[in-house]
Amino acid sequence: MTRTVIAQGTFDIIHPGHVHYLEEAAAMGDELYVIVARKANVDHKEAPICPATQRRDVVNALEAVDEAILGHEEDIFVPIEEIDPDVITLGHDQHHDDDAIEAELERRGIDCTVERASGREAADEDEILSTRLIIDRILERRG
């Protein structure tokens, strides 16, 4: 039996923290689907710079990912219902309320667990593990 895992996020500028998250999510099962958030659904931080299709394609190119798809523009649970995963993995710092997600999954009859991936420390003082910090550094140096 195949154990299916979903990871999700914005993935605006891919960095080592994203790779760690997706590799850890992939290790939780046999197939990893990644739902890439649409710009309309990113309301907890600045809107992504890169278009959704570009972000999806870059995520899809990562070895740990079996398939990257775009999220639904009105109902973020639609792709979850379609995939019917065994596990939904959240990044260690994602803003989501685990209990609220579990309650909505139960309401929709989706039987899966919600797990948090671990964080990753920077390998050295110059490594940046945040899209926001990468953008800040670009603006500082070239803005």
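Trainee: So a salt bridge is a side-chain nitrogen of Lys or Arg within 4 Å of a carboxyl oxygen of Asp or Glu; how many salt bridges does a search of the whole structure find?

Mentor: Eight. Keep in mind that this is a predicted model, where local features need pLDDT of at least 70, side-chain atom pairs count only at pLDDT 80 or more, and totals for chains, interfaces and linings use all residues. Residues are numbered from 1 along each chain as its sequence is written, and side-chain values use heavy atoms, leaving out hydrogens and water.

Trainee: Cool. What does Glu81 form a salt bridge with?

Mentor: Its partner is Arg108, with the closest N and O atoms 3.3 Å apart. Glu81 lies in helix 3 (residues 78–83) and Arg108 in the loop between helix 4 (98–107) and strand 5 (113–116), so the pair ties together parts 27 residues apart in sequence. Helices (H or I, at least four residues) and strands (E, at least two) are DSSP runs, numbered from the N terminus.

Trainee: And how exposed is Glu81?

Mentor: Glu81 is partly exposed at 36% relative accessible area, and Arg108 is also partly exposed, at 22%. Buried means under 20%, exposed over 50%, partly exposed in between (1.4 Å probe, protein chains only).

Trainee: Which residue pairs with Glu104?

Mentor: Arg107, at 2.8 Å between the closest N and O atoms. Both sit in helix 4, three residues apart, about one turn. Glu104 is buried at 18%, whereas Arg107 is exposed at 60%.

Trainee: Which residues are linked in a network of salt bridges?

Mentor: Asp75, Glu81, Glu104, Arg107 and Arg108.

Trainee: Switching topic, what about Arg120?

Mentor: Arg120 forms a salt bridge with Glu127, their closest N and O atoms 2.9 Å apart. Arg120 is partly exposed at 29%.
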